[in-house]
Amino acid sequence: MKERYEGVDGLKAYAIIGIALMHILTNGEYGIGGFVFEQLIPSFTNLVFLFMMVSGFGMCCGYYQKFKDQKISVGEFYAKRYSKIWPYFALLCALDFVMSPSKSALYEVFANLTLCQGLLPNMNISVIGVSWTLAVIFVFYLLFPFFCFLLENKKRAWLALACAVIYNFVCSTYFFDESHIADRVLVNFSARTNILYCAVYFIAGGLIFLYRKELSELASKYKVIAGIFLLIATVVYFAIGSSTLTMLFFCVAALVYTIGCNRGGGYWSIQSPSSLAVSASRFTCATW
């Protein structure tokens, strides 16, 4: 049976709500000052990385053992992914095109409908532009069989995480510059739209899955300590600033805390956010 963690459903819901608030504040141009509106809500944009880590963990809960036991084929897996995401996302793309028809929009709608737009070197798509997260996550789905290979044992998983951390660093400091990306492309280029840059979050989620029983027991037994670690991670994020390390610290602390919450209960398992997360995850951030 598919493993289910009610706390993680709630965590996804709060991440979605946070990102929605960030977009509302950005698009509304309210001009309100203070820590909440100038630092807190804008920082919610980085919750997409939390969603990636949760996606890595959640996909492993649903399909990792099935792949290892050969109880699901690659074709069945891809069919399930497309059937859950494509219909709603296709409708959004069609509505966007009808509202702003153009030749460029037509090309971009085609790319979106394949759900392979994340493989473009710099997609910079304006049709449902905020669905870049969906594009990155779907590339993760395409690579999931290889992902399972990387997580076949804990030693290999740690090695994969180390490589992913290095990749994230060299992408930021070496590959994503004017020597490797054309100047006209670099202007609109965003590192977070690249799967190699984001791979560290997916693999970290998978690694937490491998240790889920031990971490769940520890977080459940020492919930106060787990909560303190989450609080410390949050303070460190705002004190030092957003970086891959501070974001990883926060995401890991949040995910470990939530998998330790009792199923069907706990602070993160409130029914309404949990239900929202289940519905929203069907099209994986397409409306952000």
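Helix axes here are lines fitted to C-alpha atoms over the stretch in contact, and angles run from 0 to 180 degrees between N-to-C directions. The model is predicted, so local features need pLDDT of at least 70 and side-chain atom pairs count only at pLDDT 80 or more, while totals for chains, interfaces and linings use all residues. Residues are numbered from 1 along each chain as its sequence is written, and side-chain values use heavy atoms, with hydrogens and water left out.

Helices are DSSP runs (H or I, at least four residues), numbered from the N terminus. The axes of helix H8 (residues 154–175) and H10 come within 8 Å and cross at roughly 155 degrees. H8 is therefore roughly antiparallel to H10 (angles over 145 degrees). Among the residues making the contact (heavy atoms within 4.5 Å) are Trp158 and Tyr167 of H8 and Tyr197 and Ile203 of H10.

Helix H11 (residues 212–221) has buried residues and, on the other side, exposed ones. Buried means under 20% relative accessible area and exposed over 50%, with a 1.4 Å probe and protein chains only.

| Side of H11 | Residues |
|---|---|
| Buried | Arg212, Ser216, Ala219 |
| Exposed | Lys213, Glu217, Lys221 |

Seen down the axis of H11, the buried residues fall within an arc of 75 degrees, so they line one face of the helix; the arc is taken from the directions from the helix axis to the C-beta atoms. These buried residues pack against helices H3 (47–68), H10 (195–210), H12 (223–240) and H13 (244–259).

Ser131 sits in the loop between helix H5 (103–114) and helix H6 (132–142). Ser131 is buried, at a relative accessible area of 4%, and its side chain reaches the backbone oxygen of Ile128 at 2.6 Å.

Key:
Helices (H or I, at least four residues) and strands (E, at least two) are DSSP runs, numbered from the N terminus. A polar contact is a pair of N or O atoms within 3.5 Å; within protein, one must be able to donate a hydrogen and the other to accept it, and residues adjacent in sequence count only if both atoms are side-chain atoms. Angles under 35 degrees count as roughly parallel, over 145 as roughly antiparallel, 65 to 115 as roughly perpendicular and the rest as oblique.
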